[in-house]
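Me: Got a minute to go through this one with me? I'd like the ligand shell and then the sheet.

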Amino acid sequence: MAQDDLMLMGEFFDHVSEDYDVVHMSHVDRGEEFYQALSLPVAATQLPVKVLDIGCGSGLELEAFFAKASNAHIHCIDLSARLMAKLLSKYADYAVTAHLGSYLTYEYPRNHYNYVLASSTLHHLLDAEKSKLFLALREALIPGGRLIVGDYYLSPAAAAKKLAEYDELVASGIDLSNGKYHFDVPTSAVHEMELLTEAGFTPVRTVWESSNYAVIVADKR
Ligand SMILES: C[S@@+](CC[C@H](N)C(=O)[O-])C[C@H]1O[C@@H](n2cnc3c(N)ncnc32)[C@H](O)[C@@H]1O
């Protein structure tokens, strides 16, 4: 693969925005169930809980969330203006705010959110990049708050192979750091849990999994 074959992250998701929901769902084993499972760890409430959705895309994860917490205030961050526009139109009747930009450089408020959602977005990042982000997200949660990560995971051997491909591209002079380009470098669910534990979340557990996706819940005590 050469640099010309790669697209910048936001541009890629703008480019695929029209068919995104259908195409993305076709890549997720038991996709409908996955998007329900992301809200399994959410307590049903009428309170205006504060929620951050990083890499929100078109908001596939929000329908089940609002079914449990219809008065939630959700702040959405994404690089794709087109997917964000879809989300804002779909959830126009709910309390949703949007930030077009990177969740890696966003200035998070401290001790603010009841929930942080990260659905299908962290598999573009390396361990060190995720670890830094997990520390920032932990700071952004209130004590008792909860990070819900749902993502695409591989076996440790398949993840190592993908990482070798990533390293080869970097060695050829392409800067893939911080998910600059759309290139998947998924880890294993077990390793993701280790990174979350190292970032100070406890307990960390998997609440749902299929052949290629899992939902991990990580609490801030
Ligand atoms: C596969 S989509 C997932 C969208 C949605 N959460 C879902 O589950 O359908 C990944 C999304 O993450 C966004 N994204 C990737 N890296 C990002 C970053 N550093 N900052 C903000 N958004 C990012 C992309 O623009 C894209 O919309």
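Reply: One definition before the shell: helices and strands here are DSSP runs, a helix being H or I with at least four residues and a strand E with at least two, numbered from the N terminus. Also note that this is a predicted model.

Me: Fine. Which element gives the most to the shell around the ligand?

Reply: That is α1, with three residues.

Me: And which elements give two or more residues?

Reply: α1 (9-15) and β2 (73-78).

Me: Which residues come nearest to the ligand?

Reply: Gly55, Gly57, Ser119, Ser120 and Thr121, out of 22 residues around the ligand.

Me: How does the shell split by class?

Reply: Eleven of its residues are polar, nine are nonpolar and two are charged.

Me: Switching to the sheet. What's the strand order?

Reply: The order is β3-β2-β1-β4-β5-β7-β6, an open sheet of seven strands with mixed pairing.

Me: Which strands stand at the edges, and why is one side of each left without a neighbour?

Reply: β3 and β6 are the edge strands; each has a single partner strand, so one side of each has no neighbour in the sheet.

Me: By how many degrees are neighbouring strands turned against each other?

Reply: On average 20°, with direction ignored.

Me: Back to β2. How many bridges join β2 to β3, and do the two run parallel or antiparallel?

Reply: There are six bridges between β2 and β3 (residues 95-100), and the two strands run parallel. The chain gets from β2 to β3 by way of helix α5 (residues 81-90), in a right-handed β-α-β crossover.

Me: What stands opposite His75 and Ile77?

Reply: His75 is opposite Thr97 in β3, and Ile77 is opposite His99 in β3.

Me: Now the other edge. How do β6 and β7 run, parallel or antiparallel?

Reply: Antiparallel, with five bridges joining β6 (residues 204-209) to β7 (residues 213-219). The two form a hairpin with three residues between them. Within this pair, Trp208 stands opposite Val215 in β7.

Me: Last topic, helices on the sheet. Which strands does α6 lie across?

Reply: Helix α6 (residues 127-140) lies across β1 (50-54), β4 (113-119) and β5 (141-152), and runs at about 140° to β5.

Me: And where does α8 lie?

Reply: Across β5, β6 and β7; helix α8 (residues 189-198) runs at about 15° to β7.

Note on methods:
Residues are numbered from 1 along each chain as its sequence is written. This is a predicted model: local features need pLDDT of at least 70, side-chain atom pairs count only at pLDDT 80 or more; totals for chains, interfaces and linings use all residues. A residue is near a molecule or strand if its C-beta atom, placed from the backbone, lies within 6 Å of it. Ala, Val, Leu, Ile, Met, Phe, Trp, Tyr, Cys and Pro count as nonpolar, Asp, Glu, Lys and Arg as charged, and the others, Gly among them, as polar. Two strands pair if DSSP finds at least two bridges between them. A crossover is right-handed if, with the strands pointing away from the viewer, the path from the first strand over the helix to the second runs clockwise. Axes are lines fitted to C-alpha atoms, for helices over the stretch in contact, and angles run from 0 to 180 degrees between N-to-C directions. Two residues are in contact if their C-beta atoms, placed from the backbone, lie within 7 Å.
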